[in-house]
Amino acid sequence: MGASGAATLALDDFAVTDALFPAREYLAPHVHERASLAIMLEGSFDLSIRHRVYACEPGSAVTEPAEERHDNRLGLAGAHVVVVQPDTRAADRLGPSAALFSAVVHARKTPVCAAGWRIARELRAPDSVTPLAVEGLVLEILALATRTDARVERLQRAPAPRWLAQVREELHARFLKPPPLRELAAAAGVHPDHLARAFRVRFGVPVGLYVRRLRLDWAAGRLEAAEPISRIAFAAGFADQSHFTRAFRQHTGLTPGEYRRTYGREWDLV
């Protein structure tokens, strides 16, 4: 699955994996033979599947049908994910839960995360009871995820409109000097209010916050070298270094200086 570290347990009907993914990695379009339910414990990634992008953050869960082409873009902190994959021959034994794996289902906040953490602890420190414990936790997760719950959002399966994908591409290309919302809307042929609402529904955040995150990710890359932090802050569009520091810490959990000391290239910092 592209993980940098993983612990996997094979049960009769499931493969269960506790996986760690590296920061800022991009997993190019690919497919999995098995369907999967991914529970995000820490970090984040954007999942692009069926022409939609799902922001998978801590506490969220998402299902992917088997052989469904998708890609993943990891966040600055990488990702810690528990993945449940039913055996391809086990559909008749899953009962109502089988339908869960036939669609893309995304929940931003879900109670299955608590059981996901318990699985992670079992897999990292296994004993003779671990298979029984994990199997019970998997069945608990499937029951919770399958049951109708107002906290679980079954998103539309229809493809995203092409104009919205083009807006996102334009923001990625021009995030340091983004065009006004009205200009983006005019190019897309929609009203600015409609663009703002549709963007937030599809990508989970407003346009402005999305652009700010792109700038902060870009700034993180620049911080790895010896360029002055104040210059990076200005180039990223922040009024001053203190504003940049607050935003960067909120985004990454580290100040720019702490990030540089942790991830900076030593030969650039002499």
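A cavity here is a set of grid points where a 1.4 Å probe fits but cannot get out. By this rule the predicted model has three cavities of 30 Å³ or more.

**Figure 1. Close-up of the largest cavity in the predicted model, with a volume of about 150 Å³.** Its lining consists of 15 residues, and those closest to the cavity centre are Met1, Phe21, His32, Glu64 and Asn72. Strand 3, strand 4 and strand 7 each contribute at least two lining residues to the largest cavity. Strand 7 gives the most, with six residues. By class, the lining of the largest cavity has eight nonpolar residues, six polar residues and one charged residue.

**Figure 2. Close-up of the second largest cavity, with a volume of about 90 Å³.** Twelve residues line the second largest cavity, and Leu37, Ala61, Val105, Ala107 and Ala145 are the closest to its centre. Two or more lining residues come from each of strand 6 (61-64) and strand 8 (106-107). Strand 6 gives the most to this lining, with three residues. The lining of the second largest cavity divides into nine nonpolar and three polar residues, with no charged residue.

**Figure 3. Close-up of the largest pocket, with a volume of about 840 Å³.** The largest pocket is lined by 31 residues, and Ser44, Gly75, Arg213, Asp217 and His251 lie nearest its centre. At least two lining residues come from each of strand 4 (36-49), strand 5 (52-56), strand 7 (70-86), helix 3 (162-173), helix 6 (207-223) and helix 8 (241-252). Helix 6 gives the most to the lining of the largest pocket, with seven residues. The classes represented in this lining are nonpolar with 16 residues, polar with seven and charged with eight.

**Figure 4. Close-up of the second largest pocket, with a volume of about 480 Å³.** Of the 23 residues that line the second largest pocket, Ser48, His51, Val53, Ala165 and Arg168 lie nearest its centre. Strand 3 (26-30), strand 4, strand 5, strand 7, helix 3 and helix 5 (192-203) each supply at least two residues of this lining. Helix 3 provides the largest share, six residues. The lining of the second largest pocket contains nine nonpolar, four polar and ten charged residues.

**Figure 5. Close-up of Ser48, a residue of strand 4.** Ser48 is among the residues that lie nearest the centre of the second largest pocket. Ser48 counts as buried because its relative accessibility is 19%, and the limit for buried is under 20%. Leaving aside neighbours within four places in sequence, Ser48 is in contact with Val53, Arg69, His70 and Asp71. Of these contacts, Val53 also belongs to the residues nearest the centre of the second largest pocket.

**Figure 6. Close-up of the largest nonpolar core, which has 27 residues.** The residues with the most contacts inside this core are Val16, Leu37, Ile39, Ile119, Val134, Val138 and Leu142. Strand 1 (5-10), strand 2 (14-21), strand 4, strand 7, helix 1 (112-124) and helix 2 (130-146) each supply at least two of its residues. A second, separate core has 19 residues, including Phe175, Val205, Val207 and Tyr210. In soluble globular proteins, nonpolar side chains tend to be buried together.

**Figure 7. Close-up of Val16 and its contacts.** Neighbours within four places in sequence are left aside. The contacts of Val16 then include Ala7, Thr8, Leu9 and Leu11. Val82, Val83 and Val84 are also in contact with Val16, as are Ile119, Leu123, Val134 and Val138. Ile119, Val134 and Val138 are, like Val16, among the residues with the most contacts inside the largest nonpolar core.

**Figure 8. Close-up of Ile39, a residue of strand 4.** Ile39 is among the residues with the most contacts inside the largest nonpolar core. Ile39 counts as buried because its relative accessibility is 0%. With neighbours within four places in sequence left aside, Ile39 is in contact with Ser60, Ala61, His80, Val81, Val82, Val112, Cys113, Gly116 and Ile141. Of these contacts, Ala61 is also one of the residues closest to the centre of the second largest cavity. Ile39 and Thr110 are 71 residues apart in sequence, and their C-alpha atoms are 9.1 Å apart in space.

Note on methods:
Residues numbered from 1 in each chain as written. Predicted model: local features only at pLDDT ≥ 70, side-chain atom pairs only at ≥ 80, totals over all residues. Heavy atoms only, no water. 1 Å grid on protein atoms, 1.4 Å probe; cavity = no way out; pocket = protein on both sides within 12 Å on 5 of 7 lines; lining within 4 Å. Points joined across faces, edges and corners; volume = space filled by probe spheres on them. Helix = DSSP H or I, 4+ residues; strand = E, 2+ residues; numbered from the N terminus. Nonpolar A, V, L, I, M, F, W, Y, C, P; charged D, E, K, R; others polar. Buried < 20%, exposed > 50% of the residue type's maximum accessible area, 1.4 Å probe, protein only. Contact = heavy atoms within 4.5 Å. Core = buried A, V, L, I, M, F, W, Y, C linked by side-chain atoms within 4.5 Å.
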